[in-house]
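Trainee: Could you take me through one part of this protein in detail? I would like a close look at the nonpolar core and what lies around it.

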Amino acid sequence: MALSVCNCLISERVDASCKKILEENGIKVVQRETMTKNELLAEIKDYDGLIIRSGTKVTADVINAAKNLKIIGRAGTGVDNVDVETSTRNGIIVMNTPNGNTISAAEMTCAMIMCLASRVKHDCFGYDPIIPAEVAATFGVEFLALEHLWPQCDFITVHTPLTPSTKGLLNDENFAKCKKGVKVINCARGGIIDEKALLRALESGQCGGAGLDVFEEEPPKNLSLVKHPNVVSCPHLGASTHEAQRRCGKDIATQIVDMVTGKSLVGVINAQALSHAMTPETKPWIQLGEALGLVAKACTGQGNGKIKAQVTTLGTFLKNAGNCVATAVVVGLLKGDLENHVNLINASLFAKEAGLDITAKHSDSTPEFSTDECALEISTSGVSHKLVGSVQAGVPVLLEIDGAVFGKVVPLKGNLLIYKSAQNPHNLASVVGVLASAGIQIESYCVSAVLDGEQWNIMNIAALLVDLNPLQPYMKEVIQLAI
């Protein structure tokens, strides 16, 4: 998919390197700090990109007003001030800088531990839902499941984004499982530690102290925790070092430039299908997936039945790209059916809502003497088809339909007339006559092998027919589409 960013709005104070890098790479930048929401609503419609920190709230109404927006870049880690679901629905990439302020936040955590500690033990336990135990061991961390971690620790620090699964992670129930006098530190996101539960634990002595750089509400109106004698608090400063802000500003600009130039895709929150879709080698396969989806949609018609599809990629090259090819197939299947523009970012969301049952699988082996291939099997309302395609010389091509192999590959581009007919040389002459009567020139013609006395025919034509009815007497099935 094309990811063109011509201009960008920076709505907060970001390191000067950010603007410099973007402008050096041909992206026009406007920086307006301390904008009101109404000012942002009026301004955002003119931009392809938006760069923020934690102060700008990118809500659904802001996103819906941003008709040209392609990317929201967060110069920092958390994206809880961005409506990611609405961004995804509108096909907008949400990107953060996962490593920009990590060191500074870790330093703040260590400082909080020192403030709370009379002595610090050196045994280190940890839990992460992604990092396996053997990797944690290389950091000097003994991996424990959460239920085993709570009673082991003198200090508990949290380092996660705020999500439904992490909200209130340390609550009354889990405080009760901890050592008496446990100390807790949160330099990540307010809300990961339940503040009411924390206050109760502090009052009872179950928690011996807390270091808080973040709060559920910022700035906090309820100062019970801030004023508590066993709490060390800061006004969300962990990522505010000069070094962190310099890294975040540089990183978000570099990531956007790398995305636009197709070099790489780093820090994307909501578009995993794009991770393998940026390279020049993969782009034709994305085009193939979308084209196969378009052809399959035309072949199965506009039936009301549930669509079931399976995408199978074959060959070692496609081992890591199969999922993004499958997502591209969904783009083709849904194109034109939705009010919103469907792309690789929102296709999976729309597929789920449309009840589209799509599965993807991969095999490293390919048919004898064959290249890498993609097969799409689709069924709905009693109609089923199988399409097999590939990429040759950078061009998506169709190899076969329903087991009928074409004598020469069919480029999947332009205006295509696809029909199935009995093996009869007079049919071709009749079809040519209908096209000639409509003033439409045939640019190329391909025919498949004969199966059960029938064969598939594909013509690339100069323009689509206004009416397919004159062709009906000569064929079993007929569709046309533009790719």
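Mentor: Happily; we start with the whole chain, go into the core, and then visit the cysteines and some backbone details.

This is a predicted model, in which local features need pLDDT of at least 70 and side-chain atom pairs count only at pLDDT 80 or more, while totals for chains, interfaces and linings use all residues. Residues are numbered from 1 along each chain as its sequence is written, and side-chain values use heavy atoms, with hydrogens and water left out.

The protein has 483 residues, and 46% of them are buried (under 20% relative accessible area; exposed is over 50%, and partly exposed is in between, with a 1.4 Å probe and protein chains only). Its secondary structure comprises 14 helices and 21 strands, taken as DSSP runs numbered from the N terminus: H or I of at least four residues for helices, E of at least two for strands. The C-alpha trace spans about 95 × 45 × 40 Å along its principal axes. Of the contacts with a separation of 6 or more, 63% join residues 24 or more positions apart; a contact means heavy atoms within 4.5 Å.

Now to the part you asked about. A nonpolar core here is a set of buried Ala, Val, Leu, Ile, Met, Phe, Trp, Tyr and Cys residues joined through side-chain atoms within 4.5 Å. The largest one has 75 residues, and those touching the most other members are L22, I51, I93, M95, M259, L398 and I418. Let us look at I51: leaving aside residues up to four places away in sequence, its contacts include C8, L9, I10, V14, C18 and L22, and also G73, I252 and I256. S11 and E12 are touched by I51 as well. Apart from this core lies another, of 21 residues, with W150, I193, C207 and A210 among them. As general background, nonpolar side chains tend to be buried together in soluble globular proteins.

What about the cysteines? A search of the whole structure finds 0 disulfides, a disulfide being a pair of cysteine sulfur atoms within 2.5 Å. C178 shows why: its closest cysteine sulfur, in C153, is 7.6 Å away, too far for a bond. C178 is also buried, at 7% relative accessible area. C234 is likewise in no disulfide, with the sulfur of C187 as the nearest cysteine sulfur, 7.6 Å away.

The backbone has some details to inspect too. Most residues other than glycine have a negative phi, and most peptide bonds are trans. The bond from E218 to P219, however, is cis, with omega near -5°, and P219 sits in the loop between β10 (207–212) and β11 (231–233). In the loop between β11 and α10 (242–260) comes H236, whose phi is near 55°; H236 is partly exposed at 26% relative accessibility. D402 has a positive phi of about 50° and lies in the loop between β16 (395–401) and β17 (404–411). Its relative accessible area is 29%, which makes D402 partly exposed.

For contrast with the interior, take K196 in helix α9 (residues 195–204). K196 is exposed, at 65% relative accessibility. Its C-alpha is 79 Å from that of A436, and the two residues are 240 apart in sequence.
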